[in-house]
Amino acid sequence: FQMGEITNRLMCGMVRFDEGAAHPILDALPEMMHFPMLDSSGSIWSIVSMIDAEMHSRKNMNNRIVDRLTEVLFLQLLNHYVSRGDETTGFLAALRDRRVYRALTLIHKAPEFDWSLSSLGSEVGMSRATLVRRFQDIVGIAPMAYIMNWRLMKAHKLIKHTMQSLEQIAHATGFASARTLSKTFKRQYGRTPHELRRSGHETRRRDTSQVLQVDPHARIHRG
């Protein structure tokens with residue numbers, strides 16, 4: 001145990017993501033990232049200091065400010081990791097390849113577009129064969145398979161967090177119909193869109209109940 005003035009503290013945190021919905025950035029990250037010799041005057045330590053100060057001033061586990069600062073810290077650390085250039089394959093490596101990065105940007109911005117190898121290759125200045133080879137080598141998956149995975153991920157988010165109809169979601173994510181989306185979704189995630197939406201509603205009700213139980217005597221003060 002340390003005696004005298006405390007000079008070091010251990011801060012632990014967690015960033016939670018949607019269960020069952022894979023994301024190319026998360027899939028590309030290693031199991032552990034180590035950041036030695038961070039500049040104490042840099043932006044990362046500034047965010048850490050803000051989180052520390054907020055936690056000590058509020059002393060409240062349900063702190064929305066800390067939640068948002070934690071998300072900013074994650075993005076700062078991710079940006080630092082990419083800037084070091086440690087990754088050699090996967091989504092993060094693709095950010096350093098101009099044409100593959102351009103292809104990813106187009107896919108992400110317009111999942112509803114009827115993409116083909118020809119149309120995507122034309123947009124980024126590569127032949128079909130070159131696009132497939134370069135995309136596969138860097139990202140680790142074929143372009144058309146990546147497009148399908150991205151569409152399903154976007155559909156997963158819309159189904160879980162919005163009240164849009166399945167037809168609207170199918171149109172927004174590049175599926176020919178709600179039936180096609182439903183069948184593909186079930187094959188990918190092992191449950192139907194309706195089952196996912198119902199479980200999302202149950203989770204939100206449970207989370208709301210837990211928040212109310214934390215402080216049953218809380219009152220809203222009007223200024």
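A nonpolar core is a set of buried Ala, Val, Leu, Ile, Met, Phe, Trp, Tyr and Cys residues joined through side-chain atoms within 4.5 Å. Buried means under 20% relative accessible area, exposed means over 50%, and partly exposed is in between (1.4 Å probe, protein chains only). This is a predicted model: local features need pLDDT of at least 70, side-chain atom pairs count only at pLDDT 80 or more, and totals for chains, interfaces and linings use all residues. Residues are numbered from 1 along each chain as its sequence is written, and side-chain values use heavy atoms, with hydrogens and water left out.

Q: How many helices does the protein have?
A: Helices (H or I, at least four residues) and strands (E, at least two) are DSSP runs, numbered from the N terminus. Read along the sequence, the pattern here is α-α-α-α-α-α-α-α-α-α-α. There are zero strands, and the number of helices is eleven.

Q: What percentage of the residues in the protein is buried?
A: Let's count over the whole protein, which has 223 residues. The buried share of them is 32%.

Q: Which residues touch the most other members of the largest nonpolar core?
A: This core has 37 residues. Helices α2 (43-58), α3, α4, α5, α6, α7 and α8 each supply at least two of its residues. The members that touch the most others are Leu120, Phe135 and Tyr146.

Q: Which helix gives the most to this core?
A: Quite a few helices chip in, among them α2 and α8 with at least two residues each. The top contribution is eight residues, and it comes from α3.

Q: Which residues is Leu120 in contact with, leaving aside neighbours within four places in sequence?
A: Contact means heavy atoms within 4.5 Å. With those sequence neighbours set aside, Leu120 is in contact with Ala103, Leu106, Ile107, Trp115, Leu131, Pro143 and Ile147.

Q: How many residues are in the second, separate core?
A: Leu152, Leu158, Ile169 and Leu181 are included in this second core. Its residue count is eleven.

Q: Are α8 and α10 roughly parallel or roughly perpendicular to each other?
A: Axes are lines fitted to C-alpha atoms, for helices over the stretch in contact, and angles run from 0 to 180 degrees between N-to-C directions. Helix α8 (residues 143-161) and helix α10 (residues 178-189) pack at about 100 degrees, with their axes 11 Å apart. Under 35 degrees counts as roughly parallel, over 145 as roughly antiparallel, 65 to 115 as roughly perpendicular and the rest as oblique. That is why α8 and α10 come out as roughly perpendicular.

Q: How many charged residues are in the contact of α8 with α10?
A: The α8 side includes Met148 and His156, which join others in meeting a set in α10 that includes Phe185 and Gln188. Ala, Val, Leu, Ile, Met, Phe, Trp, Tyr, Cys and Pro count as nonpolar, Asp, Glu, Lys and Arg as charged, and the others, Gly among them, as polar. By class, the contact has eight nonpolar residues and four polar ones, while the charged count is zero: no charged residues.

Q: How many salt bridges does a search of the whole structure find?
A: Side chains of opposite charge can pair when their charged atoms come close. A salt bridge is a side-chain nitrogen of Lys or Arg within 4 Å of a carboxyl oxygen of Asp or Glu. The search of the whole structure finds a total of three.

Q: How far apart in sequence are the parts that Asp97 and Arg134 tie together?
A: Asp97 forms a salt bridge with Arg134, with the closest N and O atoms 3.0 Å apart. Asp97 lies in the loop between α4 (91-94) and α5 (98-109) and Arg134 in helix α7 (residues 128-139), so the separation of these parts in sequence is 37 residues.

Q: Is Asp97 buried or exposed?
A: Its partner Arg134 is partly exposed, at 29% relative accessibility. Asp97 has a relative accessible area of 10%, so it is buried.

Q: Which residue forms a salt bridge with Glu71?
A: The closest N and O atoms of this pair are 2.9 Å apart. The partners sit three residues apart in helix α3 (residues 64-84), which means about one helical turn separates them. Glu71 is partly exposed at 38% relative accessibility, and its partner is Arg68.

Q: Is Met37 buried or exposed?
A: Met37 lies in the loop between α1 (24-28) and α2. Its phi is positive, about 55 degrees, although it is not a glycine. Its relative accessibility is 83%, so Met37 counts as exposed.
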